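Visitor: I am new to this structure and would like a short tour. Could we look at it together?

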Amino acid sequence: MPAKTGAAPDAPARKPINLALQGGGSHGAFTWGVLDRLLDDDRLEISSISGTSAGAMNAVVLADGYMKDGVAGAKRALQGFWEQVSHASWLSPVQRSPADIFLGNWSLENSPAYLALDVASRMFSPYDLNPFNINPLRDILDKYVDFEAVRACTCLDLFITATHVETGTARVFSNKEITLDVTMASACLPHIYKAVEIDGEPYWDGGYMGNPSLWPLFYGSHCQDVVLVQINPFHRKGTPKTAQEIVERINEITFNASLLRELRAIDFVSRLIKEDRLDKTRYQDIRMHIIHNDAEMAKLEAASKLNTEWKFLQYQHGVGHRTAEAWLKTTFERIGNESSVDLHKMLN
């Protein structure tokens, strides 16, 4: 949880962690479940959060809620936000087919409205299909989040990533720069929504260049423990055969590429530090941890990222909560001492 004030003098020191929150549409409800469990743990202190897309939304909602009423406020805000996301989809034509509902399949790939939208988005741009740039998420965030409170938040550092359209580089916005537009830019899928302009500059989804960006956590925080909450699986067995499967896997690879590059850099620097080939006063030996559940998340097709039914969001919250619970049991003692993931083995 974020730092508290007025703790008892004899209370055990809490372990600081930095959180890195991936984007992934409605699969961000998995991250909600993880955050819900971590916020309940008095042994932890969240120092910083780097988030992209849905991860950015979870981050600003948490910060706003915490500024209003501490941990309880953060937990209420996160649940309320995801409830609002679900409510906004009630009248949407993009719903699961009756057969998928009967079979318990969360994907929308058999939904006629989803298929029509998918085909249309490949033939026409959002400037043609959505000239008024209607985005229900923008309205939810505008009504639900006090961005002045987010900018004034001193209990934790926030870093939100968006992709600069013209340069193709990542732009990381910190606390005092975070606005509604910045958060929406971080989640702007270019085949669905118009680019978001900030100070006259166009931005798209931050996932293209940082899903999420890890480097701000190294330079903007003294904490050496980074906990990645991973939504998108790195590995997916089998060769995609259908057109939809191929597109989905390409998107997964694209949105994981920048993160994998950063993880390889962390592993490289860490090995050089251990071999006394780098100055330890200039370089941090980052301790990496990953909260993920590939077994469950790999079952979900990319099309389910647009499924915002409350039952689906609750399901993901439950998976995230249980995953974080298991992670704490096996990993807590390693926080502050060593990495709990072998990056070299994982990436090779």
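**A guided look at the chain**

Guide: Let us begin with the start of one helix: Thr242 caps the N-terminal end of H10, with a side-chain oxygen 3.1 Å from the backbone nitrogen of Glu245. Please keep in mind that this is a predicted model.

Visitor: How many residues does H10 have?

Guide: Helix H10 covers residues 243-274, which gives 32 residues. From its first C-alpha to its last H10 reaches 46 Å, close to the 46 Å expected at 1.5 Å a residue.

Visitor: Where does H10 bend?

Guide: The bend is at Ala257 and amounts to about 40°.

Visitor: And what follows H10?

Guide: Asp276 follows H10, and its phi is positive, near 60°.

Visitor: Let us step back. How many helices and strands does the protein chain have?

Guide: The protein chain has 13 helices and eight strands. Its C-alpha atoms fill a box of roughly 60 × 45 × 45 Å along the principal axes.

Visitor: What radius of gyration does the chain have, and what would a compact globule have?

Guide: The protein chain has 20 Å, and a compact globule with 348 residues would have a radius of gyration near 20 Å, so the two agree. In addition, 52% of the 348 residues count as buried.

Visitor: What share of the contacts joins residues at least 24 apart?

Guide: The share is 77%, taken among contacts between residues at least 6 apart in sequence.

Visitor: What about the accessible surface?

Guide: The accessible surface of the protein chain comes to about 16700 Å², and 56% of that belongs to carbon and sulfur atoms.

Visitor: Now a single residue. Where is Ser339?

Guide: Ser339 sits in the loop between helix H12 (310-331) and helix H13 (343-347). Ser339 counts as partly exposed because its relative accessibility is 25%, and partly exposed lies between 20% and 50%.

Visitor: Which residues does Ser339 touch?

Guide: Not counting residues up to four places away in sequence, Ser339 touches Ile286, Arg287, Met288, His289 and Arg334. With Met288 there is also a polar contact: the side chain of Ser339 reaches the backbone nitrogen of Met288 at 2.9 Å.

Visitor: And Leu189, where is that found?

Guide: Leu189 lies in the loop between helix H8 (180-186) and strand E5 (196-198). Beyond its neighbours within four places in sequence, Leu189 is in contact with Asp205, Tyr208 and Phe255.

Visitor: How far apart are Leu189 and Tyr208?

Guide: They are 19 residues apart in sequence and 9.7 Å apart in space, C-alpha to C-alpha.

Methods. Residues are numbered from 1 along each chain as its sequence is written. This is a predicted model: local features need pLDDT of at least 70, side-chain atom pairs count only at pLDDT 80 or more; totals for chains, interfaces and linings use all residues. Side-chain values use heavy atoms; hydrogens and water are left out. Helices (H or I, at least four residues) and strands (E, at least two) are DSSP runs, numbered from the N terminus. The expected span of a helix is 1.5 Å times one less than its number of residues. The bend at a residue is the angle between axes fitted to the seven residues ending there and the seven starting there. A polar contact is a pair of N or O atoms within 3.5 Å; within protein, one must be able to donate a hydrogen and the other to accept it, and residues adjacent in sequence count only if both atoms are side-chain atoms. The radius of gyration is taken over C-alpha atoms; the globule rule is 2.2 Å times the number of residues to the power 0.38. Buried means under 20% relative accessible area, exposed over 50%, partly exposed in between (1.4 Å probe, protein chains only). Contact means heavy atoms within 4.5 Å. Accessible areas come from the Shrake-Rupley method with a 1.4 Å probe; for residues, only the protein chains shown count as cover.
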